[in-house]
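Please open the structure in your viewer and set it to a cartoon representation. The tour below proposes a series of selections and describes what each one contains.

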Amino acid sequence: MYDPVQLRTFLAVAQTLSFTQAARRLGVRQSTVSQHVRRLETAAGRQLFSRDTHRVDLTEDGEAMLGFARTILRANERATAFFTGTRLRGRLRFGVSEDFVLTRLPEILESFRHDHPEVELELTVELSGTLHQQLAAGRLDLVLAKRRSGDTHGELVWRDTLVWIGAPRLRIAPGRPLPLIVFPPPGLTRARALEVLEEHGRPWRIACTSGSLSGLVAAARAGLGVMAHTRGLVPPELVPVPEKAGLPELGAVDFVLLHGRRREAAQEAADALASAILAGGDRLHRGPDTPPGPAPA
């Protein structure tokens with residue numbers, strides 16, 4: 001028997017790769033998180049995380065436990081909802097960043113709709129910066145998007161690294177302006193890329209601008225330039241630019257859930273969808289496809 005509390009703790013650590021961040025998400029002490037993980041590892045008879053003072057990673061057994069943990073927790077939640085007779089209703093306005101267009105988010109949304117058929121889910125796909133604006137204006141109830149650099153609000157789903165990516169055979173000419181493939185303003189990734197290049201004095205030029213991730217990916221696959229993108233969400237047929245190209249590091253990026261102004265009709269539905277995303281957050285950046293090797297410089 002696996003304790004659901006320990007499984008929720010395990011998922012929080014697996015998605016944030018941080019015992020500290022998991023403790024903040026769950027509202028418990030870090031020592032409690034460590035205790036839950038140890039007990040789960042004892043119950044499984046396997047080590048689920050490899051960790052040292054600087055880094056936390058899932059082991060192969062930990063990767064396997066992800067699927068089991070999601071299945072057990074979802075079954076537990078569905079049984080609870082069935083026997084308590086709770087049925088969510090109302091209209092839920094959910095905004096999601098363009099970053100998730102090519103991920104397994106639809107699987108999470110499909111499961112949510114199956115479990116809560118009377119919730120009218122209204123989906124908005126936009127740039128993270130635009131979603132922040134719409135949330136502030138009261139036009140969305142829940143948002144899954146990148147967090148602005150320096151911001152601390154929002155519930156962390158996972159933290160990743162931004163990297164430069166391009167076509168496998170793309171060559172970066174030294175001394176010439178770097179060709180960029182970017183979202184239009186107020187894209188947060190665009191702003192970070194331009195800021196970093198300016199700080200390092202690296203010349204650049206805009207080779208392609210598109211409001212859709214599909215448009216950017218098509219331009220990158222055609223070899224028009226490079227784009228800044230989340231390491232865990234690299235689209236198929238694109239690869240990280242190797243370090244020998246000399247491009248400056250882009251730093252970390254946080255993906256968070258943000259709640260809007262509480263509308264009574266949407267509050268419970270928003271909380272339920274947020275819980276589903278947190279429970280399955282690893283599915284958003286742990287796809288079945290492994291990107292090929294780095295592109296030549």
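In this tour, a residue is called buried when its relative accessible area is under 20%. The model is a predicted one.

Select first helix α3, residues 30-44. Its 15 residues reach 21 Å from the first C-alpha to the last, close to the 21 Å expected at 1.5 Å a residue. Now show the side chains of V33, S34, H36, V37, L40 and E41, the buried residues of α3. They cover an arc of only 160 degrees around the axis, which puts them on the same side of α3. To see what they pack against, add α1 (4-16), α2 (19-26) and β1 (49-51). Just after α3, G45 has a positive phi of about 70 degrees.

Turn next to helix α8, residues 213-221. Here the buried residues are L213, L216, V217, A219 and A220. Viewed down the axis of α8, these residues fall within an arc of 160 degrees, so they line one face of the helix. Their packing partners are strands to be selected as β7 (178-182), β8 (204-209) and β9 (227-230). G223, which follows α8, has a positive phi near 80 degrees.

Finally, display the largest pocket, which holds about 1,100 Å³ of space. Centre the view on E77, D115, H116, A272 and A276, the closest to the pocket centre of its 39 lining residues. Colour α1, α2, α4 (60-84), α5 (105-115) and α9 (264-279), each of which gives two or more residues to the lining. Which element supplies the largest share of the lining? That element is α4, with 11 residues. By type, the lining divides into 14 nonpolar, 12 polar and 13 charged residues.

Definitions and conventions. Residues are numbered from 1 along each chain as its sequence is written. Side-chain values use heavy atoms; hydrogens and water are left out. Buried means under 20% relative accessible area, exposed over 50%, partly exposed in between (1.4 Å probe, protein chains only). Helices (H or I, at least four residues) and strands (E, at least two) are DSSP runs, numbered from the N terminus. The arc is that of the directions from the helix axis to the C-beta atoms. Contact means heavy atoms within 4.5 Å. The expected span of a helix is 1.5 Å times one less than its number of residues. On a 1 Å grid over the protein atoms alone, a cavity is a set of points where a 1.4 Å probe fits but cannot get out, and a pocket is an open set with protein on both sides within 12 Å along at least five of seven lines; lining residues have an atom within 4 Å of a point. Grid points are joined across faces, edges and corners, and a volume is the space filled by probe spheres set on the points. Ala, Val, Leu, Ile, Met, Phe, Trp, Tyr, Cys and Pro count as nonpolar, Asp, Glu, Lys and Arg as charged, and the others, Gly among them, as polar.
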